[in-house]
Amino acid sequence: MQKHWWQETTVYQVYPRSFKDSNGDGVGDLKGIISKLDYLQNLGIGAIWLSPVYRSPNDDNGYDISDYQNIMQEFGTMADMDELIDQAKKRNIRIVMDLVVNHTSDEHKWFIESKKSKDNPYRDYYIWRDPKNGGVPNDLQSTFSGPAWQFDEKTGQYYLHLFSKKQPDLNWENEKVRQAVYKMMNFWIDKGIGGFRMDVIDLIGKQPDKLITGNGPKLHDYLQEMNKETFGDKDMLTVGETWGATPEIAKLYSDPKRHELSMVFQFEQVGLDQQPGKDKWDLRPLQVGELKKVLARWQTELDDQGWNSLFWNNHDLPRIISRWGNDKKYRVESGKMFAILLHMLKGTPYIYQGEEIGMTNKPIKDFSEISDIESRNMYLQRIDEGYKKEDIIKSINTKGRDNARTPIQWDETEHAGFTTGTPWLGVNPNYKSINVKDALADKNSLFYTYKKLIQLRKDNPIMIWGDFRLLDTPDEIFAFEREYQDEKWLIVNNFSNNKHKLQLADINVGETIIQNYDHKITDVSDLELKPWESFAVKVVD
């Protein structure tokens, strides 16, 4: 496989609304991000995945775009965007833009025109269908609850929206749509960005009349055409959000010979704490043994035909320490374990803002505290269906998207130093003890574990290119080896609140590379692991 910068770097996701507010309006903005670039440079990251900053009415926090070539007023101006790209570049940080082209806002000029009449030139930019038996065209459901079809009185037809009714789906079968998207992508490429993260890109090949949404038959044709028309001859990071991907499907996207994307985000591990066949809100405990199998399969089955993205968190997922770790007694230890485990796998690691200081979920008690459209819709639907309020709130506190979107905790001052105004979403009350200022002052903090892992990756090709081998251990111990040329590393993680015996025969350990407890590791044939203990050591002959 040809080597690319995006295989060797670590990416940091910025959710602009919650990162840093520069003008006191309670909403994070581009100038706020610029003001913290030195902090990100200190961490060592090489790229920022920037969640959408385009013009938007904010029905889905910017993932409903009304103008792809303008900046949301709350976030600043195009001049601020140009400065962010430029200032990041000076620090060897590339900006990866969020590309949301499965759908637009219903306030986009294309949709405003499309709604005017059935013979409008923009009508076929979207997916319109006649009523069936006086109702919806078929049974497709929206991810945000309810039917995926919205009736338009004026023209007497329904339009498709796989998400909010204010997010009508684009018709990718229309070549004019595809060419308009490519022209827009080239506008951003010409500005000097480093790539694109492609929102729900596996849905663009949908065939709604056949009830096909993900992985439609023309999906890869569209991506190959996109590659050819936009980024294909440039060394850019392109990562697709693909909820339905298996390793075999991931190879279709990321095999360099196919000329599609650099890599995909797969979400197989994300569903391991939900009941099989049910919604993400229907909870069950994580089985670590299942997690090991899933991650190991993605480590080995892509071979050299594809590339992995590695992540625990993003703007759609709850904080990993609260979800699968221990956000009370072992917050720092479990946080370091998640960091070491992930960054020692093969692939490109992604850090979600606040992860590097161990931010946690922010529990709520009432519907009035919910901001996220997905959680609000689910709450109302389940109340109608007779669920108990306390069970719905428990699900939201465990899995709701607002958990990831609370403002970054910069220091111990009011509103955690995020804003001088009133934050758009309440700050987690634990900001006085969990914040960037304290993390930077404590050399044993989670921040410095992340910083060390990022530097280790720059210095050690084994972390990028090394083969992976899962070791046979009790379920709650996640141990594996990485091997490259004449070097071998052993990585051990105790994925639990309990002490565990580690008994690995015939492995001689040498230098300790990184660990989350301060004791010397000399023998792994009979070692008692502390709760959430994690380490990487060199293996010697």
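Where is the place of Y379? The exercises below start from that residue.

This is a predicted model, in which local features need pLDDT of at least 70, side-chain atom pairs count only at pLDDT 80 or more, and totals for chains, interfaces and linings use all residues. Residues are numbered from 1 along each chain as its sequence is written, and side-chain values use heavy atoms, with hydrogens and water left out.

**Exercise 1. Place Y379 and list its contacts.**

Step 1. Find the element. Y379 sits in helix 12. Helices (H or I, at least four residues) and strands (E, at least two) are DSSP runs, numbered from the N terminus.

Step 2. Judge the exposure. Buried means under 20% relative accessible area, exposed over 50%, and partly exposed in between (1.4 Å probe, protein chains only). Y379 has 9% relative accessibility, so Y379 counts as buried.

Step 3. List the partners. Contact means heavy atoms within 4.5 Å. Set aside neighbours within four places in sequence; Y379 then touches F367, I370, K389, I392, I393 and I396.

Step 4. Check a distant residue. W489 is 110 residues from Y379 along the chain, and their C-alpha atoms are separated by 47 Å.

**Exercise 2. Describe the packing of helix 13.**

Step 1. Find the buried residues. Helix 13 covers residues 389–399, and I392, I393, S395, I396, N397 and K399 are buried there.

Step 2. Recall a rule. An α-helix has 3.6 residues a turn, so residues three or four places apart point the same way.

Step 3. Name the packing partners. The buried residues of helix 13 pack against helix 10 (320–323), helix 12 (373–384) and helix 14 (402–405).

**Exercise 3. Trace the salt bridges of D273.**

Step 1. Fix the term. A salt bridge is a side-chain nitrogen of Lys or Arg within 4 Å of a carboxyl oxygen of Asp or Glu. The whole structure holds 36 salt bridges.

Step 2. Take R323. Its closest N and O atoms with D273 are 2.8 Å apart, in a salt bridge. D273 lies in the loop between strand 11 (263–265) and helix 9, and R323 lies in helix 10, so the pair ties together parts 50 residues apart in sequence.

Step 3. Check the cover. D273 is buried, at a relative accessible area of 5%. R323 is buried too, at 13% relative accessibility.

Step 4. Take K399. D273 also forms a salt bridge with K399, and here the closest N and O atoms are 3.2 Å apart. K399 is in helix 13, and the pair links parts of the chain 126 residues apart. Both D273 and K399 are buried.

**Exercise 4. Is K328 buried or exposed? Describe its salt bridge as well.**

Step 1. Identify the bridge. The side chains of K328 and D327 meet at 3.1 Å, N to O.

Step 2. Read the accessibility. K328 has a relative accessible area of 66%, so K328 is exposed. D327 is partly exposed, at 23% relative accessibility.

Step 3. Look at a network elsewhere. Salt bridges link D60, K280, D316, D372, E374, R401 and R405.

**Exercise 5. Which residues does K437 contact?**

Step 1. Place the residue. K437 is in helix 15 (residues 436–441). At 46% relative accessibility, K437 is partly exposed.

Step 2. Name the contacts. Neighbours within four places in sequence are left aside; K437 then contacts W410, D411 and E412.

Step 3. Take one pair. K437 and W410 are 27 residues apart along the chain, with C-alpha atoms separated by 6.1 Å.

**Exercise 6. Set N215 beside A416.**

Step 1. Read the angles. N215 is not a glycine, yet its phi is positive, about 55°. A416 is also a residue other than glycine, and its phi is near 60°.

Step 2. Find the loops. N215 lies between strand 9 (195–198) and helix 7 (219–229). A416 lies between helix 14 and helix 15.

Step 3. Judge the exposure. N215 is partly exposed, with a relative accessible area of 30%. A416 is buried, at 0% relative accessibility.

**Exercise 7. Place R482 and relate it to D235.**

Step 1. Find the element. R482 is in strand 15 (residues 477–484).

Step 2. Read the accessibility. R482 counts as buried, at 1%.

Step 3. Give both separations. R482 and D235 are 247 residues apart in sequence and 27 Å apart in space, C-alpha to C-alpha.
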